[in-house]
Amino acid sequence: MTNSPDHDIAQRLAAVRQRIRTAEVAYGRQPGSVALLAVSKRQPVEALRTALAEGQQAFGENYLQEGADKREALADTPIEWHFVGAIQSNKTRAVAEGFDWVHTVDRGKTVRRLSEQRPAERPPLQCCLQVNVSGEASKSGAEPDQVRELAHAIAELPRLTLRGLMTLPEAVTDFDAQRAAFRQLHDLQARLIDDGLNLDTLSMGMSNDLEAAVAEGATMVRLGTAVFGPRPEKKP
Ligand SMILES: *Cc1c(COP(=O)(O)O)cnc(C)c1O
């Protein structure tokens, strides 16, 4: 066996799948109930092709131009494209037209634009509402007390389908502190479900906190470096 980049990605992907499966078993989750989103920002097209050949179909991108270039280069593939970057309100069209999913919806203005700009011939844009649970490092994400109103607004728009909630918590190493942040997201989601919203996705957990996220009910973990290795310095 050589140490080619392809081989590395195949090995990392296998290790990540094992890690997810181990966490599912450890925390009483149904095996296979936690999906992997491979976050491929700044990774070259060949890296995505390799992961695809290993059975990975869902990829997350953070930058609109890079995402468009990759979609074009990989137009012959069945990749499901997820946008996980910050949404500037003047850039909603590129998200609405180019992606299958968006995880970072956090404002009413963006919500309306995404629905208006979603092309009629495509299925509704699958959305997660990003929430700033306490301690979130970035300032993006809706505040917990805004979640209910925003979630209902998304659920009413014809061209959007609200799938659930997403969070990007502060990177802490303490397992209980990691779990506490994810539990907040889970509890917010449970309240929305009590309200009658049909939600099936909790997008939470990255390379350093995936076990805590699975323990608290994550259904989609977003992993970049754990799948592809370190990100190249510059965008490809
Ligand atoms: C980059 C990124 C990830 C993946 O991060 P890694 O540390 O590489 O696993 C997950 N979610 C979001 C929103 C990201 O921007």
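This is a quick walk through the ligand site, with a word on aromatic rings at the end. Keep in mind that the model is predicted.

Start with location. The ligand sits in the largest pocket. Which residues surround the ligand? From the early part of the chain, we have Val-39, Lys-41, Asn-62 and Val-84. Then come Met-166, Met-206 and Ser-207. The rest of the shell is Arg-222, Leu-223, Gly-224, Thr-225 and Arg-231. By type, that shell splits into 5 nonpolar, 4 polar and 3 charged residues.

Now the polar contacts. Asn-62 places a side-chain N or O atom 2.8 Å from a ligand oxygen. Gly-224 uses its backbone: an N or O atom there is 2.8 Å from an oxygen of the ligand. Arg-231 brings a polar side-chain atom to 2.7 Å from a ligand oxygen. How much of the ligand does the protein cover? On its own, the ligand has 390 Å² of accessible area, and the protein covers 87% of that.

Last, the rings. The whole structure holds 2 aromatic pairs. There is also a charge over a ring: Arg-71 lies over the face of Phe-99, 4.7 Å from the ring centre.

Definitions and conventions
Residues numbered from 1 in each chain as written. Predicted model: local features only at pLDDT ≥ 70, side-chain atom pairs only at ≥ 80, totals over all residues. Heavy atoms only, no water. Near = heavy atom within 4 Å. Polar contact = N/O pair within 3.5 Å; in protein donor to acceptor, adjacent residues only side chain to side chain. Areas by Shrake-Rupley, 256 points an atom, 1.4 Å probe, with all protein chains shown as cover. 1 Å grid on protein atoms, 1.4 Å probe; cavity = no way out; pocket = protein on both sides within 12 Å on 5 of 7 lines; lining within 4 Å. Sits in = over half its atoms within 2 Å of the grid points. Nonpolar A, V, L, I, M, F, W, Y, C, P; charged D, E, K, R; others polar. Phe/Tyr/Trp six-rings, centres within 6.5 Å; stacked < 30°, edge-to-face > 60°. Lys NZ or Arg CZ within 6 Å of the ring centre and 35° of its normal.
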